[in-house]
Amino acid sequence: MIPAPPQLAAEAWVLMDAHSGKVLASKNANTQLPPASLTKMMTSYLLEYEINRGNVSTSDMVPVSVKAWRMPGSRMFIQEGTLVSLGDLLQGIVVQSGNDASVAVAEYLAGSEEAFADLMNQHSRRIGMTSTQFKNATGLPEEGHYSTAMDMATLAREKIINYPEHYSLYSQREFTYNNIRQNNRNTLLWSDSSVDGLKTGHTDAAGYCLAASAVRNDMRLISVVLGARSEEGRAQESQKLLTYGFRYFETPKLYERYEVLDSVRVWQGVQDELQLGLENELFATLPRGEQNNLEAEVNVHATIKAPVRAGQELGTLIIRLGEEVVAQKPLVALENIDEAGFFKRLWHSLLMFVIGLFS
């Protein structure tokens, strides 16, 4: 028995499992709202993306412009005319929520903050953020700058799953630059040892916002709360969501990547049998204690002919809990199978014809 999700004192919220992507609780999840400094999750994401592609390095020295130096609000306190490493700027964005660091990075990567905002929107569409539009790199109020709780959860999941080498930065509690030490504004890092990210935000228009993530017993949850009433309130409401998710759900790993799930007949190939599996690990988020009640169904194409290439979709795996489909993924070939020689192909064609007559 699972109770209804908690109701929060906030404008919108989402609770998502990071591994399966399943949404466990939400309200106004697709309502477009100002995201405040949660915007900086995309700013840091673009920097991580460029680092991973080898286009820039954390050791790169970035010139600080007058615009970056003069940015209002939360700052890293970089100085005009100096050079700051990208590694320090990344910490300034993530830990100190520096508007000055965000603009410095935007100008370094794209030439201007306006051009950088265009990149932010391109990446948003690429990863499935369907209701977001960025106008700047900081989240400072600007007409037409908005996102949703669902889109921010999608972005958080993208960062966690695809950029784990950078993710530890989001649990960093403090950062000192220019002899000024500032604490991470995510107070859950102190009050809940399972929390290890992600980002806070606040403006008068947005209210108090928090994207948080926590992991317990290999289950990772993402919560996004927009428009809470206070700094303390955003932490409390986020904690309610995380507690609910961990208490009543679990996300077991059902299958490994490339695990053999079925072997099927292949016609006209140098091999007669093909192994099928999944391209990625498969997780399913379930009510706690229900894993043993899952049922798996494998549907494979009726006729498979060579040539076959590894990764080619040739069927579907469906996981059910009672009448509910909890996961559905394509079955793919786990190996290449080339065409056989002329006589084997001719013989198999004859066999398929005869089988077809009596089927």
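## Strand S7 and its hairpin

Strand S7, which spans residues 195-203, is mostly covered, with 8 of its 9 residues buried. These assignments, like those that follow, come from a predicted model. S7 runs antiparallel to strand S8 (residues 207-216), and 8 bridges join the two strands. A hairpin of 3 residues leads from S7 to S8, and Thr203 stands opposite Gly207 of S8.

## The sheet S2-S1-S9-S8-S7

S7 belongs to an open sheet of 5 strands, whose order is S2-S1-S9-S8-S7 and whose pairing is antiparallel. S2 and S7 stand at the edges with a single partner strand each, so one side of each is left without a neighbour in the sheet. From one strand to the next, the twist averages 5 degrees. Further into the order, S8 and S9 pair in the antiparallel sense over 8 bridges, with Ser213 opposite Ile222 of S9. Helix H9 (residues 231-248) packs on this sheet and touches S1, S2, S7, S8 and S9, while its direction makes about 145 degrees with that of S9.

## Strand S1 between two partners

Strand S1 (residues 12-17) is largely enclosed by the rest of the structure, because 6 of its 6 residues are buried. In a regular strand the side chains alternate between the two faces of the sheet. In S1 both faces are covered, with Ala12, Val14 and Met16 buried on one side and Trp13, Leu15 and Asp17 buried on the other.

Two antiparallel pairings hold S1 in the sheet order: 6 bridges join S1 to strand S9 (residues 219-228), and 4 bridges join S1 to strand S2 (residues 23-27). Val14 takes part in both, since its bridge partner in S9 is Val224 and Val14 also stands opposite Ser26 in S2. The hairpin of S1 and S2 has 5 residues between the strands, and in this hairpin Gly21 takes a positive phi near 80 degrees.

## Nonpolar cores and the H1-H5 contact

The largest nonpolar core has 60 residues, and those with the most contacts inside it are Met42, Leu89 and Val224. Val224 is thus a residue of this core as well as the bridge partner of Val14. Apart from that core lies another, of 22 residues, which includes Ala25, Leu188, Leu210 and Phe249. Not counting residues up to four places away in sequence, Met42 touches Met120, His123, Ser124, Ile127, Met129, Phe134 and Leu155.

Helix H1 (residues 40-52) packs against helix H5 (residues 113-126) at an angle of about 85 degrees, with the axes 10 Å apart. That angle makes H1 roughly perpendicular to H5. On the H1 side the contact is formed by Met42, Thr43, Tyr45, Leu46 and Tyr49, which meet Phe116, Leu119, Met120, His123, Ser124 and Arg126 of H5. By class, the residues of this contact are 7 nonpolar, 3 polar and 1 charged.

## The sheet S12-S13-S18-S17-S16

A further 5 strands form an open sheet in the order S12-S13-S18-S17-S16, again with antiparallel pairing. Strand S12 (262-265) and S16 are the edge strands, each pairing on one side only. In this sheet the twist averages 30 degrees from one strand to the next. At the S12 edge, 4 bridges join S12 to strand S13 (residues 273-277), with the two strands running antiparallel, and Arg265 stands opposite Glu273 of S13.

At the other edge, Leu294 has its place in strand S16 (residues 294-300). Leaving aside its neighbours within four places in sequence, Leu294 is in contact with Leu254, Leu286, Ile319, Arg320, Leu321 and Val326. Leu294 and Ser97 are 197 residues apart in sequence, and their C-alpha atoms are 44 Å apart in space.

## His348 in helix H10

Is His348, found in helix H10 (residues 342-358), buried or exposed? At 4% relative accessibility His348 counts as buried, because the cut-off for that class is under 20%. Not counting residues up to four places away in sequence, His348 touches Arg265, Val266, Trp267, Gln268 and Asp272. Arg265, one of these contacts of His348, is also the residue that stands opposite Glu273 in S13.

Note on methods. Residues numbered from 1 in each chain as written. Predicted model: local features only at pLDDT ≥ 70, side-chain atom pairs only at ≥ 80, totals over all residues. Heavy atoms only, no water. Axes fitted to C-alpha atoms, helices over the stretch in contact; angles between N-to-C directions. Parallel < 35°, antiparallel > 145°, perpendicular 65-115°, else oblique. Contact = heavy atoms within 4.5 Å. Nonpolar A, V, L, I, M, F, W, Y, C, P; charged D, E, K, R; others polar. Buried < 20%, exposed > 50% of the residue type's maximum accessible area, 1.4 Å probe, protein only. Pairing = 2+ DSSP bridges. Core = buried A, V, L, I, M, F, W, Y, C linked by side-chain atoms within 4.5 Å.
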